[in-house]
Amino acid sequence: MLNRRHIRIKVMQSVYAFKGSESDALNKDQKFLMQSLDKAYNLYLLMLSLLVELQKKSEDHLSKSMKKHLATEEDKNPNRKFVNNEVLQFLLHNEALQDALDTNKVKHWDLDDEYVDIIYKDILASELYADYMKTKVSDFKEDKFFVIDIYREIIAPNDKLFDYLEDHNMTWVDDFPLVNTTILKMLRKLKPTANTQVVTPDLYKDEDDEMFAIDLFKKTILNQTTFRKIVEDRTKNWDSDRIADIDYVLLIMAICEIIKFPSIPIKVTINEYLEIAKEYSTPKSSIFINGILDKYVKELQEKNELNKTGRGLM
């Protein structure tokens with residue numbers, strides 16, 4: 001689920017928050033980093049469970065309508081198309097998803113049901129819902145595209161939901177776009193034989209990615225004095241107060257990758273940190289960072305000190 005860029009962002013946040021020195025034990029800070037990465041998976045589960053809760057909300061709404069003292073004919077024979085949506089039913093009865101929710105103790109909507117209600121009312125008031133409910137029957141394809149549409153156009157952009165997530169866990173703000181993209185990709189891949197498909201992916205693509213997070217954090221922190229000296233020697237004409245703190249963090253992380261990770265191509269490292277700078281730092285940061293890194297790499301090449309192995313890694 002997590003890609004390398006998101007891992008770098010999480011490491012960047014942990015390095016930025018680090019207040020110790022190279023001699024301090026890193027266990028506490030490393031634990032914080034890994035918990036931050038794990039919480040991205042919890043957000044993924046939380047957003048999937050929201051779809052399940054919306055199905056339950058609809059089921060409950062129809063049940064109460066049928067029990068009205070003065071129930072109309074429509075109340076007695078409601079359109080159950082939303083309730084019976086095959087994708088929502090699949091998520092509702094997916095054992096792997098339920099096990100993951102239980103294991104990770106993702107039960108937020110039990111206490112914060114009002115947010116489910118907000119989303120549900122927005123769906124009912126939407127043209128998407130009105131168009132979908134014009135008929136009483138549908139096929140898997142229509143059901144799938146309806147769920148994708150309400151997720152993309154109603155759930156993901158909801159400001160109140162975003163504020164709730166931000167208040168509940170600050171790290172979720174950065175995780176939200178990745179989680180939404182992952183969920184939409186999963187939904188698009190679902191087929192009518194949905195019961196055979198996985199909706200709870202592994203947090204990491206492989207063990208290498210998990211170790212990359214740990215190694216990048218530890219090697220950056222344990223060598224930060226050396227890496228900062230490399231930056232300072234190449235910014236002597238700059239007032240240090242003019243260099244954003246986050247730029248320093250991105251530079252020492254990039255230098256760490258260049259020196260300590262021989263299997264990662266130089267271009268990949270530089271491009272990744274330039275993209276992160278564009279999103280998290282000042283408008284001119286990417287130009288500044290690119291200039292420093294480009295100069296440093298050329299110096300290493302001239303001295304034949306660039307330690308990269310494999311083809312295409314320069």
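**Asn223.** I looked up Asn223 in this predicted model and located it in the loop between H12 and helix H13 (224-233). I then checked its exposure: the relative accessibility is 21%, so Asn223 counts as partly exposed, the cut-off for buried being under 20%. I followed its side chain and found that it reaches the backbone oxygen of Lys219 at 2.8 Å. I also took the separation from Leu274, which lies 51 residues away along the chain; the two C-alpha atoms are 21 Å apart.

**Helix H12.** I turned to the helix that precedes this loop, H12 (residues 207-222). I compared its length with expectation: 16 residues at 1.5 Å a residue should span 22 Å, and the end C-alpha atoms are 22 Å apart, which agrees. At the N-terminal end I found a cap, Asp206, with a side-chain oxygen 3.1 Å from the backbone nitrogen of Asp208. I listed the buried residues of H12 as Asp209, Phe212, Ala213, Ile214, Leu216, Phe217, Thr220 and Ile221. I noted for reading such a list that an α-helix has 3.6 residues a turn, so residues three or four places apart point the same way.

**H1 and H15.** I next examined the packing of helix H1 (residues 4-17) on helix H15 (residues 266-280): the angle is about 60° and the axes are 11 Å apart. I recorded the crossing of H1 and H15 as right-handed. From H1, the contact draws on Arg4, Arg5, Arg8, Ile9, Met12 and Gln13; H15 supplies Val268, Glu272, Tyr273, Glu275, Ile276 and Tyr280. I sorted the residues of this contact by type and obtained 6 nonpolar, 1 polar and 5 charged.

Methods
Residues are numbered from 1 along each chain as its sequence is written. This is a predicted model: local features need pLDDT of at least 70, side-chain atom pairs count only at pLDDT 80 or more; totals for chains, interfaces and linings use all residues. Side-chain values use heavy atoms; hydrogens and water are left out. Axes are lines fitted to C-alpha atoms, for helices over the stretch in contact, and angles run from 0 to 180 degrees between N-to-C directions. Helices (H or I, at least four residues) and strands (E, at least two) are DSSP runs, numbered from the N terminus. A crossing is left-handed if the near helix is turned anticlockwise from the far one by less than a right angle, and right-handed if clockwise. Contact means heavy atoms within 4.5 Å. Ala, Val, Leu, Ile, Met, Phe, Trp, Tyr, Cys and Pro count as nonpolar, Asp, Glu, Lys and Arg as charged, and the others, Gly among them, as polar. The expected span of a helix is 1.5 Å times one less than its number of residues. Buried means under 20% relative accessible area, exposed over 50%, partly exposed in between (1.4 Å probe, protein chains only). A polar contact is a pair of N or O atoms within 3.5 Å; within protein, one must be able to donate a hydrogen and the other to accept it, and residues adjacent in sequence count only if both atoms are side-chain atoms.
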